[in-house]
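Hi everyone, thanks for making time. I've got one structure to walk you through today, so let me put it up and we'll take it piece by piece.

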Amino acid sequence: MKHLSEKEYEIRLQKIRERNASIERRNKLKEERVKGKGKRKLPSTSKMVLFGVVAICVQIVIFCEYIVSVTEDTSCLYALIGIPATLAPTVWAYYSKAKAENTEGGITYMTAMAQYESAESEHINEEIESSMDDSVG
């Protein structure tokens, strides 16, 4: 085994320190990048429902075009026209409901939960006060 001189030791130690500093700077950059990006949000349920309805309607149109071209008969349109005809009002009703709930005068989940929690905390405070009055008197 070869022994290191003091000079060689210092040179190697300096290289290791430089490499560690570089690794540390790289890790800090990664942390800052992650911090800036934030978490990825999922699309709202209404947008996913809308995408699903549009995808189903497009699939129905493509299927009908294929069947009409193969059989040269348009009677398949009568059977399949009911699907988009029922999906469109359903989605419209869902959007109307969501719009009414998420406006200034409407009720949302968060406000309903805040009202519930405030009523519950008032009830607990009343119980504590009555138990303290009973123990004092």
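Let me start with a question: how many residues does α2 have, and how far does α2 reach from its first C-alpha to its last? The count is 27 residues, and the reach is 39 Å, close to the 39 Å expected at 1.5 Å a residue. We'll come back to that helix a lot.

Before we do, a word on what you're looking at. This is a predicted model. The protein chain has an average pLDDT of 77, and 81% of the residues score at least 70. Confidence is highest in helix α1, residues 6–37, with a mean of 88. At the other end of the scale is helix α5, residues 109–136, where confidence is lowest and the mean is 69.

Now the overall layout. The chain has five helices and zero strands, so reading along the sequence you simply get α-α-α-α-α. Of its 137 residues, 6% count as buried. The accessible surface comes to about 12,500 Å², and carbon and sulfur atoms account for 61% of that.

Okay, back to α2. Which of its residues are buried? They are Ser46, Val53, Ile60 and Cys64. There's also a nonpolar patch on the surface, about 330 Å², made by Leu50, Val54, Val58 and Ile62. Look at the spacing of those numbers while I remind you of a bit of helix geometry. An α-helix has 3.6 residues a turn, so residues three or four places apart point the same way. Val54, one of the patch residues, sits in helix α2, which covers residues 45–71. Val54 counts as partly exposed because its relative accessibility is 43%, and partly exposed means between 20% and 50%.

Another residue to find in α2 is Cys57. Cys57 is partly exposed too, with a relative accessible area of 22%. What I'd point out on the screen is its pairing with Leu87: the two are 30 residues apart in sequence, yet their C-alphas are 8.7 Å apart in space.

And what comes right after α2? That's Glu72, and its phi is positive, near 55°. Glu72 isn't a glycine, and it still has that positive phi. You'll find Glu72 in the loop between α2 and α3, with α3 being residues 75–80. Is Glu72 buried or exposed? Its relative accessibility is 72%, so Glu72 counts as exposed.

Last stop: charges. Side chains of opposite charge can pair when their charged atoms come close. How many salt bridges does a search of the whole structure find? It finds one. The partners are Lys28 and Glu24, and their closest N and O atoms are 4.0 Å apart. Both are in helix α1, and because they are four residues apart there, about one helical turn separates them. As for Glu24, its relative accessible area is 47%, so that residue is partly exposed.

That's my tour. Happy to rotate the model if anyone wants another look.

Notes. Residues are numbered from 1 along each chain as its sequence is written. This is a predicted model: local features need pLDDT of at least 70, side-chain atom pairs count only at pLDDT 80 or more; totals for chains, interfaces and linings use all residues. Side-chain values use heavy atoms; hydrogens and water are left out. pLDDT is the predictor's confidence in each residue, from 0 to 100. Helices (H or I, at least four residues) and strands (E, at least two) are DSSP runs, numbered from the N terminus. Patches are made of residues with over 30% relative accessible area and no salt bridge: like charges are joined within 9 Å, nonpolar side chains (Val, Leu, Ile, Met, Phe, Trp, Tyr) within 5 Å. Accessible areas come from the Shrake-Rupley method with a 1.4 Å probe; for residues, only the protein chains shown count as cover. A salt bridge is a side-chain nitrogen of Lys or Arg within 4 Å of a carboxyl oxygen of Asp or Glu. Buried means under 20% relative accessible area, exposed over 50%, partly exposed in between (1.4 Å probe, protein chains only). The expected span of a helix is 1.5 Å times one less than its number of residues.
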